[in-house]
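Thanks, everyone. I have one structure to show today, and I will keep it quick.

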Amino acid sequence: MLTQAPKGTKDILPATIKNWYYLENKIRAICGAYGYKELRTPLFEHTELFKRGIGDTTDIVEKEMYTFNDLAGRSITLRPENTAAAVRAFVEHKLYADNPLVKLFYIGPMFRYDKPQAGRFRQFHQFGAEAIGLPGPDVDAEIIMLAVQFLQNLGLKDLKLLLNSVGCPKCRPQYRKRLQDYLQKDFAVLCKDCQNRFERNPMRILDCKEEACRQATEGAPTLKECLCEECAGHFAGLQDYLQAVGVGFILDDTLVRGLDYYTKTAFEVQYPPLGAQSAVCGGGRYDGLVEELGGDPAPGIGFAVGMERVLLALESQGLLPAQEEQLSVFVAHAGQGTDLVAFKVLTQLRSHGVVAEMDFSGRGMKSQFKLANRLNARYVLVIGESELQKGTCALKNMATGEQAEVPLGDVNIAVAKII
């Protein structure tokens, strides 16, 4: 229907846009403190970028991408996530030339064909950060702290930080074999998706929410038993850094995340009061992604925060600030020739940064004052025929009722002194 937004999308109306401004301001403030610079990538990319970056066997690529051919026959995909696009920009524009550690953040809409749920839409918005160039656990700790501190600064308490290491290409094959051997006996009870994953990407079975698959993976070998010396040392170092700054975490052997590019660190931040859909942030290290997308080898780590879900959490806890908008000046006019003068005064006020409004529907003076009250105007500037003849206007304080006569030529000066 033409009068309904497509399923899984949502209009952000004027009444709620101030909440988005609040959240975006918090994002820019914390990223500025951590030295992360904003990056804006296109809403669509070549489909191959996401297939190679995210992985052919992921649910995102197999089931959720909005992909189409453009008029030139090229396969184009609306971005389902932004890490691959950020890495593409990092390589294309040689962002690594000026600094060994490139720190980026982004805010914007993503697109996935998924079942709409609380705080999850088919067009949704993410805030994310990427740190590309250095491999140390200190970088991992910094980006995790950025995510945690951002959520804490919003007033969210009782956050749960889940940590795991998903290994690297050196140690993961050994774990893959052990996991397949363990799950072989229960292969028949696995869901169809996990049966398809068994050969291609068995670790994804650990992330399945189907009850039969969850039961099948109980008691399965853990990846930490197979970590190589480098991955084990990196993971231990990350824990040391987090403990040094007093950040609690829970080690979760089943946390593998849903993207193939992750190596070593994987993490998730949950906000339990949201219930079943409690994950508000997820991320991890992707040391092979830059090379996979055509760049010189460069390690990286990042995260993404679901902004709709965070706003849902803030609203449920009463943490969104009251931001009542107040009009500074309402220009009321009545009588022959006053409309042009009022419009001129209105334009002058706005050009000096004053939040000003006037009536455009021909209301009477009494109705204009009622409108000024509805708009919560602090002052009403009255221009009638008598004021026009005298070259003045009346400036009325709506809170006290006090009124002063002001020369029309000095309106800007008078208003500036008062407001």
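**Helix α13 and a few other spots**

K366, N373 and R374 are exposed, on the other side of α13 from the buried set. Exposed means over 50% relative accessible area, buried under 20%, and partly exposed in between, with a 1.4 Å probe and protein chains only. Helices (H or I, at least four residues) and strands (E, at least two) are DSSP runs, numbered from the N terminus.

Some ground rules. This is a predicted model, where local features need pLDDT of at least 70 and side-chain atom pairs count only at pLDDT 80 or more, while totals for chains, interfaces and linings use all residues. Numbering runs from 1 along each chain as its sequence is written, and side-chain values use heavy atoms, with hydrogens and water left out.

Back to the helix. Which residues of α13 are buried? In this helix, residues 365-374, they are Q368, F369, L371 and A372. They lie on the same side of α13, because they cover an arc of only 160 degrees around the axis. That arc is taken from the directions from the helix axis to the C-beta atoms. The buried residues of α13 pack against β12 (329-334), β14 (379-384) and β15 (392-397). Contact here means heavy atoms within 4.5 Å.

Next, backbone angles. Most residues other than glycine have a negative phi. N376, just after α13, takes a positive phi of about 60 degrees. N376 sits in the loop between α13 and β14. N376 is partly exposed, at 25% relative accessible area. D158 also has a positive phi, near 60 degrees. D158 is in the loop between α5 (137-153) and β7 (160-165). D158 counts as exposed, at 64% relative accessibility.

Now a buried acid. E268 belongs to strand β9, residues 263-270. Its relative accessible area is 12%, so E268 is buried. What joins the side chains of E268 and Q270? A polar contact of 2.9 Å. That term means a pair of N or O atoms within 3.5 Å; within protein, one must be able to donate a hydrogen and the other to accept it, and residues adjacent in sequence count only if both atoms are side-chain atoms. Leaving out residues up to four places away in sequence, E268 touches K160, L161, L162, L255, R257, A279, C281 and G282.

That is the tour: one helix, two loop residues and one strand residue.
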